[in-house]
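Work through the exercises below with the sequence and the model in view, and try each task before reading its solution.

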Amino acid sequence: MNMPLCNEEIRLPSNLNTRQAIREFVVLKFLQENPGEGTGELASHYHYTVEYCNGGRIIKIKRPALLNKGMDFTVHLEGIEFRSKGPFRDRPKHEEIINDLLIKKQHQPIEYEALKSYILDIYNCQNIDLNLIRNLDIPFGILTCEEVCLLLKWLFIEQDITYWNWSGRNMLYQYLENNNLI
């Protein structure tokens with residue numbers, strides 16, 4: 001018997017402003033999932049809508065992740081292909097986000113400073129006004145400023161859950177820093 005795909009929604013409350021609080025909220029949501037009955041099609045599969053972007057694109061997280069076990073998930077931006085080959089073309093790699101940010105910074109360095117401040121706020125678990133990010137117009141790269149910020153938000157959360165006992169979100173932050181984007 002195949003396990004059905006479950007589509008649900010996770011909306012982070014605005015009062016969550018620490019890594020621990022965000023991690024706890026998301027993990028508690030995962031703990032409500034029904035268990036699987038085996039591997040492959042017998043595993044339980046969950047797709048959570050986590051963000052609605054202004055241009056109509058949706059950010060989802062999907063569980064289970066193929067290579068990892070436990071609480072890990074992958075982040076997807078529906079309606080975009082980051083690469084032409086391979087599965088999961090709507091799942092950005094860190095390098096693809098870095099490249100998009102580098103293009104934005106190269107073409108509009110002054111406006112990029114505002115984007116950088118929003119990324120820092122997201123890293124520091126501060127609530128951000130999406131309207132301010134939506135008004136930031138850097139029409140270079142494949143992502144809007146809103147999309148890149150919200151993708152980074154969920155990639156930071158993914159790393160906090162997967163690598164909690166190590167550096168968590170700091171791994172991705174260091175990658176941004178090493179590319180002179182923070």
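Contact means heavy atoms within 4.5 Å. The model is a predicted one, in which local features need pLDDT of at least 70, side-chain atom pairs count only at pLDDT 80 or more, and totals for chains, interfaces and linings use all residues. Residues are numbered from 1 along each chain as its sequence is written, and side-chain values use heavy atoms, with hydrogens and water left out.

**Exercise 1.** Determine what share of the contacts in the chain between residues at least 6 apart in sequence join residues at least 24 apart.

Solution. Take the contacts between residues at least 6 apart in sequence, and then pick out those that join residues at least 24 apart, which make up 55%.

**Exercise 2.** Decide whether Arg63 is buried or exposed, and find its polar partners.

Solution. Begin with the place of Arg63, which is in strand S3, residues 58–63 (a strand is a DSSP run of E of at least two residues, numbered from the N terminus). Next, its relative accessible area is 9%, so Arg63 is buried (under 20%; exposed is over 50%, partly exposed in between, with a 1.4 Å probe and protein chains only). Finally, the side chains of Arg63 and Glu33 are joined by a polar contact of 2.9 Å (a pair of N or O atoms within 3.5 Å, one able to donate a hydrogen and the other to accept it; residues adjacent in sequence count only if both atoms are side-chain atoms), while a polar atom of the Arg63 side chain lies 3.1 Å from the backbone oxygen of Asp72. Among the residues that Arg63 touches are Phe30, Tyr46 and Phe73.

Conventions: Helix = DSSP H or I, 4+ residues; strand = E, 2+ residues; numbered from the N terminus. Lists of a residue's contacts leave out its neighbours within four places in sequence.
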